[in-house]
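Work through the exercises below with the structure open beside you. Try each task before reading its solution.

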Amino acid sequence: MRILFITSNRLGDAVLSTGLLAHLTERHPDAALTIACGPLPAPLFRSVPGLERLIPMPKRAWARHWIDLWRACIGVRWDIVVDLRNSAVGRLVLAKRRFFHARAPHLHKVEEIGRVLELSPPPSPRLWIDAAAEAEADRLLPGGTEPFLAIGPTANWTGKEWPADRFAELATRLTGPGGRLSGRRVAVLAAGPERERARPVLEALGERAIDLTGRTDPMAAAACVRRAALYVGNDSGLMHIAAAAGTPTVGLFGPGFPETYGPWGVAARTVISRVPRSELLARQKADPQATGLMDGISVEAVEQAAGELFVPSTPAPAMTDPPPAQCREVVTNPCKSPETGP
């Protein structure tokens, strides 16, 4: 049996699609999988059970990357094609069954993706972290490091980045005397091009910092973050990696859309700005280089959300409960759906 799975070129969306992929691997354990995705998230799929071929798709002019994918797939008769990009490739290759992604803006992206195979509740994102990534984490993290605080102070655009001084203050509160993680180190993660934007946090933390900026691919980052006691970061692909790895995760949102892209899982919390999103988006539209779009999130609100993740006996509120003024909790069912669908 052969399955073609076409997912996102964006890191966060690719991570959020892994629950659907896990469902397919468990439903069809003997199937040979071909996975097509962007080059950035590709490392996360290299150890998926049953993987026969991984096809990274760097963008090319005139959409030639889609032609390349069609050429790579046209010679196979697929049993199942799951195309989350709704591409022509998913329609033109030979296949017994095809499934495409229908937008549902009122749902969280994980729920939206689960509807592709009519799975309810939707399967939660998951990661397949291999031995090579674990060895890389061993190399990057100081020997014998206790579970640490991990922070992601950057994002794919600066308007979604909480101020560096607030990240540093939060880390100091959590790891200082009397803090929830008193005496622990602080791992700072960022992609290579974002390294300079993370530098103020590293400098503020000094010797307490573990500098992982620009030093990991997504798989190695997952192996590192999985060892953390807590992850706090902006709306980014790394935030979704942390949540999928099972690390207690706090995601920070200003002009973003936490109802769609908040971290998924019972061990996840979302802190939103006091400033209405409509106002933030209007400021960003008027000036694409606008700053201060995350200033409406206080250190106290993030510390409160982090503290809730250290009290596992506290029952989580239902999805219909109104959020507090500064901290909105995203509470979801992490259980896999019943064995329905393809």
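**Exercise 1. A salt bridge between two side chains**

Task: Find which residue pairs with Arg226 in a salt bridge, and say where the two partners lie.

Solution. The model is a predicted one.
Step 1. Arg226 and Glu134 form a salt bridge through their side chains, with an N to O distance of 2.1 Å.
Step 2. Arg226 sits in the loop between H9 and strand E9 (230-234), while Glu134 belongs to helix H6 (residues 131-140), so the pair ties together parts that are 92 residues apart in sequence.
Step 3. The relative accessible area of Arg226 is 40%. Buried means under 20% and exposed means over 50%, so Arg226 counts as partly exposed.

**Exercise 2. Two partly exposed partners**

Task: Locate Asp217 and Arg46, and decide how the salt bridge between them relates parts of the chain.

Solution.
Step 1. The closest N and O atoms of Asp217 and Arg46 are 3.6 Å apart. The cut-off for a salt bridge is 4 Å, and the pair is counted as one.
Step 2. Asp217 is in the loop between strand E8 (209-211) and H9, and Arg46 is in the loop between E2 and strand E3 (51-56), so the salt bridge ties together parts that are 171 residues apart in sequence.
Step 3. Asp217 has 31% relative accessibility and therefore counts as partly exposed. Arg46, at 34%, is partly exposed as well.

**Exercise 3. A salt bridge inside one helix**

Task: How many residues apart are Arg199 and Glu196, and in which helix do they lie?

Solution.
Step 1. Both residues lie in helix H8 (residues 195-205), 3 residues apart, which is about one turn of the helix.
Step 2. Their salt bridge has its closest N and O atoms 2.8 Å apart.
Step 3. Arg199 has a relative accessible area of 33% and is partly exposed, whereas Glu196 has 52% and is exposed.
Step 4. Elsewhere, salt bridges that share partners join Glu134, Asp138, Arg226 and Arg227 into one network. The structure holds 24 salt bridges.

**Exercise 4. A strand and its neighbours**

Task: Which strands pair with E1, and in what sense?

Solution.
Step 1. E1 pairs with strand E2 (residues 32-37) in the parallel sense, over 5 bridges.
Step 2. E1 also pairs with strand E4 (residues 77-83), again in the parallel sense, over 4 bridges.
Step 3. Take Leu4 as an example. The bridge partner of Leu4 in E2 is Thr34, and in E4 the partner is Val81.
Step 4. In strand E1 (residues 2-6), 4 of the 5 residues are buried, so the strand is largely enclosed by the rest of the structure.

**Exercise 5. Pocket and cavity**

Task: Describe the lining of the largest pocket, then that of the largest cavity.

Solution.
Step 1. The largest pocket holds about 680 Å³ of space. It is lined by 27 residues, and those closest to its centre are Leu11, Leu40, Ser236, Gly237 and Leu238.
Step 2. Helix H1 (11-16), helix H9 (218-225) and helix H10 (237-244) are the elements that give two or more residues to this lining. H10 gives the largest share, 4 residues.
Step 3. By class, the pocket lining has 13 nonpolar, 8 polar and 6 charged residues.
Step 4. The search finds 1 cavity of 30 Å³ or more. The largest cavity holds about 50 Å³ of space.
Step 5. Asn9, Cys37, Gly38, Met57, Lys59, His65 and Arg85 line the largest cavity. By class, this lining has 2 nonpolar, 3 polar and 2 charged residues.

Note on methods: Residues are numbered from 1 along each chain as its sequence is written. This is a predicted model: local features need pLDDT of at least 70, side-chain atom pairs count only at pLDDT 80 or more; totals for chains, interfaces and linings use all residues. Side-chain values use heavy atoms; hydrogens and water are left out. On a 1 Å grid over the protein atoms alone, a cavity is a set of points where a 1.4 Å probe fits but cannot get out, and a pocket is an open set with protein on both sides within 12 Å along at least five of seven lines; lining residues have an atom within 4 Å of a point. Grid points are joined across faces, edges and corners, and a volume is the space filled by probe spheres set on the points. Ala, Val, Leu, Ile, Met, Phe, Trp, Tyr, Cys and Pro count as nonpolar, Asp, Glu, Lys and Arg as charged, and the others, Gly among them, as polar. Buried means under 20% relative accessible area, exposed over 50%, partly exposed in between (1.4 Å probe, protein chains only). Two strands pair if DSSP finds at least two bridges between them.
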